[in-house]
Amino acid sequence: MFRKCLIPDLPSRKQLKPWLRQIDNNRYYSNNGPLLKAFKQGLMTVFFSAENLPLQLSCTSSATVGLELVLQNLNLPTNARVLLPSFTFPATCMAVLRSGYQVVLTDVSRNSWQLEPKQAYAALKQSGFDAVIPVSSFGYPVDVSAWDKFSQKYNIPVIIDAAAALGVQKAARYCHMVFSLHATKTFAIGEGGLIISSDKALMQRIQRAKNFGFQDFEIDEIGTNGKLSEYHAAVGLAQLQRWQQLKKRRQKVFNHYKKVLKPLQNYLILRPKNQKVVPAVLPILWQGDLEPLIEGLTQAQIETRRWYYPLLHQYGFYQKYKDRIECISSFKHANYLSQHLLGLPFHNFLHKKDIKHIARCLQKFV
Ligand SMILES: Cc1ncc(COP(=O)(O)O)c(C=O)c1O
């Protein structure tokens with residue numbers, strides 16, 4: 001049997017039916033309709049109510065558009081320099097380039113696999129920047145209190161790209177945050193994004209900007225269409241009803257992986273230091289050469305993925321936009337992680353016997 005790396009787990013036709021019936025009755029299909037309002041309320045209750053922060057929340061058509069909306073509405077200076085790790089999904093960088101800003105690429109920490117405040121501080125001294133985007137890579141949360149402190153101390157906006165981390169990433173007081181609701185994420189609705197921030201004025205500007213810039217039928221600033229439809233909100237409402245069950249299933253799959261991979265702990269690292277949560281995907285840090293392992297797993301009908309490979313500055317677009325992308329590091333850790341991280345199958349439809357089979361195949365390569 002072929003073991004796929006990712007299989008989305010979205011609501012069935014039956015689970016969607018009551019919500020679709022409401023759309024039929026309402027005849028509302030977009031533009032902040034009643035289902036979107038209910039979905040936003042539900043997201044706040046399920047994911048953020050315990051945080052006790054003055055959070056505002058905005059749903060967008062994707063996380064990429066969400067990142068663009070935040071960047072474009074922070075009142076950053078023209079040609080602002082935005083720091084981010086080269087070890088991330090290209091969308092983080094695309095959002096900065098499409099907003100007209102300069103990208104400053106740096107390394108990540110070898111231990112956390114993430115850009116940390118101490119690296120941002122070094123970058124600030126070395127070359128300066130106007131905003132920073134730390135990434136909750138693979139759905140492992142970033143340390144929000146450390147980033148809140150950084151933002152406060154240096155008066156620099158921090159936008160956390162938490163694309164894969166809804167459900168595990170704590171909200172921040174001063175950092176802005178963007179989540180993805182794409183089909184492959186743990187909480188998925190097909191396509192969609194979610195912005196959270198406690199900056200009321202910023203969220204008002206974003207609300208206008210995602211609706212072409214309209215406010216009371218007048219437009220003062222450039223906008224886009226970044227709205228989420230009522231159909232997507234319907235999927236989201238059905239998904240919220242399944243959330244506890246989705247979470248439990250993922251935890252079970254992860255626990256089983258931890259158990260069967262324990263004997264291999266001298267050969268691989270299952271997660272970065274200090275991370276106790278269930279991630280969105282399952283990259284293992286393999287101590288040896290990845291090529292023969294990938295070949296062997298493929299032959300055993302096990303699909304794998306490499307994240308993040310290549311690094312951002314190793315893509316073709318870097319050469320074309322070199323005048324807008326500055327590299328301020330030799331990327332020692334990012335290079336190592338990119339060469340040694342391999343994504344294993346990780347989804348809600350994996351059974352114990354599949355995970356055992358995967359562990360047995362890995363064992364052959366140690
Ligand atoms: C780190 C990161 N940022 C941004 C995105 C883009 O999310 P979306 O597909 O919702 O635009 C992704 C997608 O997986 C991602 O992994």
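# Exercises on a predicted two-domain model

The buried residues of helix α3 are Ala63, Thr64, Val65, Gly66, Leu67, Glu68, Leu69, Val70, Leu71 and Gln72. The exercises below concern a predicted model.

## Exercise 1. The surroundings of α3

Determine how far α3 is covered, and identify the elements against which its buried residues pack.

Solution. Step 1: 10 of the 10 residues of α3 are buried, and the helix is thus described as mostly covered. Step 2: the packing partners of these buried residues include three strands, β5 (159–161), β6 (176–180) and β7 (193–197). Step 3: strand β1 (56–60) and the helices α4 and α7 (200–209) complete the list.

## Exercise 2. The nonpolar core

Describe the largest nonpolar core and state which parts of the chain supply it.

Solution. Step 1: this core comprises 100 residues, and those with the most contacts inside it are Val70, Val82, Ile159, Ile160, Met177, Val178 and Phe179. Step 2: helix α8 (residues 230–261) gives the largest share, 9 residues. Step 3: at least three residues of the core come from each of domain 1 (13–237) and domain 2 (243–363). Step 4: Val70, one of the core residues with the most contacts, is also among the buried residues of α3. Step 5: for Ile160, leaving aside residues up to four places away in sequence, the contacts are Pro134, Ser136, Val142, Trp147, Ala172, Cys175 and Met177. As a general background, nonpolar side chains tend to be buried together in soluble globular proteins.

## Exercise 3. The ligand shell

Establish how many residues surround the ligand, and which elements contribute two or more of them.

Solution. Step 1: the shell consists of 14 residues, the closest being Ser62, Ala63, Thr64, Ala163 and Ser180. Step 2: α3 (63–72) and α4 (90–98) are the elements that give two or more residues. Step 3: sorted by class, the shell holds 6 nonpolar, 7 polar and 1 charged residues. Step 4: Ala63 and Thr64, both among the closest to the ligand, are buried residues of α3.

## Exercise 4. The contact between the domains

Characterise the side of domain 1 that touches domain 2.

Solution. Step 1: the domain assignment of the chain gives domain 1 (13–237) and domain 2 (243–363). Step 2: their C-alpha centres are 24 Å apart. Step 3: the contact involves 35 residues of domain 1 and 34 residues of domain 2. Step 4: on the side of domain 1, at least two residues each come from α4, β3 (102–106) and α5 (117–126). Step 5: β3 provides the largest share, 5 residues. Step 6: this side divides into 20 nonpolar, 12 polar and 3 charged residues.

## Exercise 5. Backbone geometry in the loops

Locate the cis peptide bonds that involve Tyr308 and Pro310, then decide whether Asn79 and Phe331 are buried or exposed.

Solution. Step 1: Trp307 and Tyr308 are joined by a cis peptide bond with omega of about -20°. Step 2: a cis peptide bond also joins Tyr309 and Pro310, with omega of about 0°. Step 3: Tyr308 is placed in the loop between α9 (290–299) and α10 (316–320), and Pro310 lies in the loop between α9 and α10 as well. Step 4: Asn79, in the loop between α3 and β2 (81–85), has a positive phi near 60° without being glycine. Step 5: Asn79 is exposed, because 10 other C-beta atoms lie within 10 Å, and the limit for exposure is 12 or fewer. Step 6: Phe331, in the loop between β12 (325–327) and α11 (332–340), likewise has a positive phi, about 60°. Step 7: Phe331 counts as buried, because it has 22 C-beta neighbours inside 10 Å, where 20 or more are required.

How values were computed
Residues numbered from 1 in each chain as written. Predicted model: local features only at pLDDT ≥ 70, side-chain atom pairs only at ≥ 80, totals over all residues. Core = buried A, V, L, I, M, F, W, Y, C linked by C-beta atoms within 7 Å. Helix = DSSP H or I, 4+ residues; strand = E, 2+ residues; numbered from the N terminus. Domains from an automatic or database assignment. Contact = placed C-beta atoms within 7 Å. Near = placed C-beta within 6 Å. Nonpolar A, V, L, I, M, F, W, Y, C, P; charged D, E, K, R; others polar.
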